[in-house]
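User: I have a structure open and have not looked at it before. Can you take me through it in short answers?

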Amino acid sequence: MATLIIDRFDGKKHYEQSYVLAPADVSGKTVLNTLLFIKQTQDPTLNFTASCRCAICGACGVRVNGHAILACDTKMDDLIATYGSDTMRISPLANFKVISDLVVDWEPAVENLRKIHPGMVAKPEFSMKEGCRQTQAEFDRIKKQWDCIICGCCASECNKLTADNRDYMEPFVFTHAWRVANDSRSKDPLLHGKPAVAGGLWNCVHCQECANRCPKGISSADDIAALRAKVMAKGMTDGVGPAHAKSFYTDLVEDSGRLNEVRLALRTEGISTVTRAGMAITLMRQGKMNPLEAFGEDPVEGHAALVKMIEAAHAAAKE
Amino acid sequence: MQTEYAFFPGCVLTQAAKESRMALEAVAPILNITLREIPGWTCCGASQAQDVDPLATLVANARNLALAEQMGLPVLTSCSTCLLMLRRAKAELDGGQKDRINTFLAKGNMAYKGESEVTSLLWVLAQNADALKAKVVKPLNGMKVAAFYGCHSLRPESALGFESSVNPSSFEKVVHALGAQGVPFDKRLDCCGFHAVYPAEKSVMLMTSEIINSAAAAGANCVVTPCPLCQMQLDIYQDNAQELHKSKARVPVLHLSQLVGLALGLPAAKLGLDYNVIDATKLG
């Protein structure tokens, strides 16, 4: 027998409820069909959201054993194989406020989406009369991100949102900011990039959960990285995040080719890095940091050739 | 069994995580693994340089992989972020970027062919768990280990793909082969936050604290991780994070290679246990 332990909420209290199902009632079914089966045959009070049943509308995101999935796009048989058990816990998406059982409140996330202006503002050369066209190649550059169905699976597992959502937005919000900022028809990428920075673009912890859980194979982590590059190229280079990333690049290309940990702190935080003096003393006491490295190191073997390769890549990219 | 590898140490193994390299170089010969350091390897970008210039970073990693190919060996790294960056570069190159990037590598008379696979210490040990077990002279009986995978050992599965990212078992298999007991703990698959410790310090300190508390609540004698970046975050920042969150729990954090070394009977000094910030010498 299969057992689904469902995390429920009646508006006042959170509790769990187990539903036992015959193997034949889960075999060949999606998670959504299993939830519908429970609602139809065992418990009409069970609440969840779903609409299209074919992975287009994004309404049926839930967690199974703590990992977000699209219920209509996930088979029970596959989950049983993955976990080696036919007992599993179904919960509402994490990092959202729960309204009822598996139903969550989307309004704060949608509000964040509004902040980055997901609608394209066209360049002045376009007009109602002339239209607002782009080539197939231009569309192809952003078509993956258009696949986002705003199901919330990325947001559910985002470790940064779990730690603190006050200085970070849902990963899919950054994906849409990237998408519209990189639309060939967009007037100003910073119209979307600036609110993305204000919404925590540099606070991503690189946990890769968003990329891992997206049912459409979109990597918001990659979009965040690419949007960072975009806003820096447009002059938004202030702050600890850009300085930290830049220090890795400087060591790789302009200095030895390898990270210099002593310079990393100085380059990232400047003189305010003295607040980390205690940490530096700990590292030196433990023999983990050599202050002499502040003076730099010799380039690694073949570094001059690497620089030539990168210069050639930059020249080709400009063409 | 593959016994010889082109070794990609990654930057931190030569600096703040030097004990990881000490331990790895101590255990490798006992396990009949020969590590040949890739001459002239550069930083993989650490998922940071990619934010500045993804093209330059792809070129650098194509060069790193091409250097390993010149040695005729698969690449082994014991840093999970290096693992992810190298594997992603390889996937991009093999997925259609090879010819374009090779026009740039030609400036240094090099070419990427796609001949060297990229693997990690954890994966090699898990694939050879029986051979590892046979080498154990001091089984870690009674030691309770919180096996902390770290994000870039598992996610995204599309780039790493060694095992399920939601129900992995390679680490527990290795821990079991060493005679230790892997303890279940809530935060086993979570992120340590290392990559955002500067821009998102408050969140990262909370994440670090919760991982340590979770391991302590499970009764772990130590946290062990295959990634030196996770180790650094959970070890170097542990005191700060715990003081900030008013938690008394302190748990030693070992590199995977250090745990292996203990079971192989190597002395604490050879495994660099005295370099760990939270006292780990008592485990030796």
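Analyst: We can go through the contact between the chains, then some salt bridges, a sheet and a helix. Keep in mind that this is a predicted model.

User: Start with the contact. How many residues does each chain put in?

Analyst: Chain A gives 62 residues to the contact and chain B gives 65 residues.

User: And what area is buried between chain A and chain B?

Analyst: About 5400 Å² is buried between the two chains, and carbon and sulfur atoms give 62% of that area. On the side of chain A, the three residues that supply more than any other three are A:R258, A:K288 and A:M309, with 13% of the area that chain A buries against chain B.

User: Why quote an area at all?

Analyst: Because the size of an interface is often given as the accessible area lost when the parts come together.

User: OK. How many salt bridges cross the interface of chain A and chain B?

Analyst: The rule finds four salt bridges across it. One of the salt bridges in the model joins the side chains of A:K288 and B:E19, at 2.7 Å from N to O. A:K288 also appears among the three residues named for buried area.

User: How many residue pairs are in polar contact there?

Analyst: There are 26 such residue pairs across the interface of chain A and chain B, with both residues at pLDDT 80 or more.

User: Which elements of chain A touch chain B?

Analyst: Those giving two or more residues are α3 (76-83), α8 (159-163), α11 (209-213), α12 (220-233), α13 (240-254), α14 (261-269), α15 (277-285) and α16 (303-318) of chain A. The largest share comes from α16(A), with 11 residues. By class, the side of chain A that touches chain B holds 28 nonpolar, 18 polar and 16 charged residues.

User: Back to salt bridges. What is the count over all chains?

Analyst: It comes to 25 salt bridges by this rule.

User: Pick a few. Which residue forms a salt bridge with A:E107?

Analyst: That is A:R114, with the closest N and O atoms 3.1 Å apart. The side chain of A:R114 also meets that of A:E111 in a salt bridge, at 2.7 Å from N to O. A:R114 and A:E111 both lie in helix α4 (residues 107-115) of chain A, three residues apart, about one turn of the helix.

User: How accessible is A:R114?

Analyst: A:R114 has a relative accessible area of 44%, so it counts as partly exposed. A:E107 is partly exposed at 42%, and A:E111 is partly exposed at 37%.

User: Does chain B have one to look at? What does B:R36 meet in a salt bridge?

Analyst: The side chain of B:R36 meets that of B:E4, at 2.3 Å from N to O. B:R36 is in strand β2 (residues 34-37) of chain B and B:E4 is in strand β1 (residues 4-7) of chain B, so the pair ties together parts that are 32 residues apart in sequence. B:R36 is partly exposed at 42% relative accessibility, and B:E4 is partly exposed with a relative accessible area of 26%.

User: Which residues are linked in a network of salt bridges?

Analyst: A:D7, A:E16 and A:R89 are linked in one.

User: New topic. In what order do the four strands of the open sheet in chain B run?

Analyst: The order is β6-β5-β7-β8 (chain B), and the pairing is parallel. The edge strands, each pairing on one side only, are β6 (181-182) and β8 (253-255) of chain B. Strand β7 (residues 222-225) of chain B pairs with β8(B) over three bridges. In that pairing, B:V224 has B:L254 of β8(B) as its bridge partner.

User: Last one: is helix α9 of chain A mostly covered or exposed?

Analyst: Helix α9 (residues 171-181) of chain A is mostly covered, with 11 of its 11 residues buried. Among them are A:F172, A:W178 and A:R179.

User: What about A:A181, which residues does it touch?

Analyst: Leaving aside residues up to four places away in sequence, A:A181 touches A:P189, A:H192, A:L227 and A:K230. A:A181 lies in helix α9 of chain A. With a relative accessible area of 3%, A:A181 is under the 20% cut-off, so it counts as buried.

Methods: Residues are numbered from 1 along each chain as its sequence is written. Chains are lettered from A and ligands numbered from 1 in the order in which they are written. This is a predicted model: local features need pLDDT of at least 70, side-chain atom pairs count only at pLDDT 80 or more; totals for chains, interfaces and linings use all residues. Side-chain values use heavy atoms; hydrogens and water are left out. Contact means heavy atoms within 4.5 Å. Buried area is the accessible area (1.4 Å probe) that two parts lose on being put together, summed over both. A polar contact is a pair of N or O atoms within 3.5 Å; within protein, one must be able to donate a hydrogen and the other to accept it, and residues adjacent in sequence count only if both atoms are side-chain atoms. Ala, Val, Leu, Ile, Met, Phe, Trp, Tyr, Cys and Pro count as nonpolar, Asp, Glu, Lys and Arg as charged, and the others, Gly among them, as polar. Buried means under 20% relative accessible area, exposed over 50%, partly exposed in between (1.4 Å probe, protein chains only). Two strands pair if DSSP finds at least two bridges between them.
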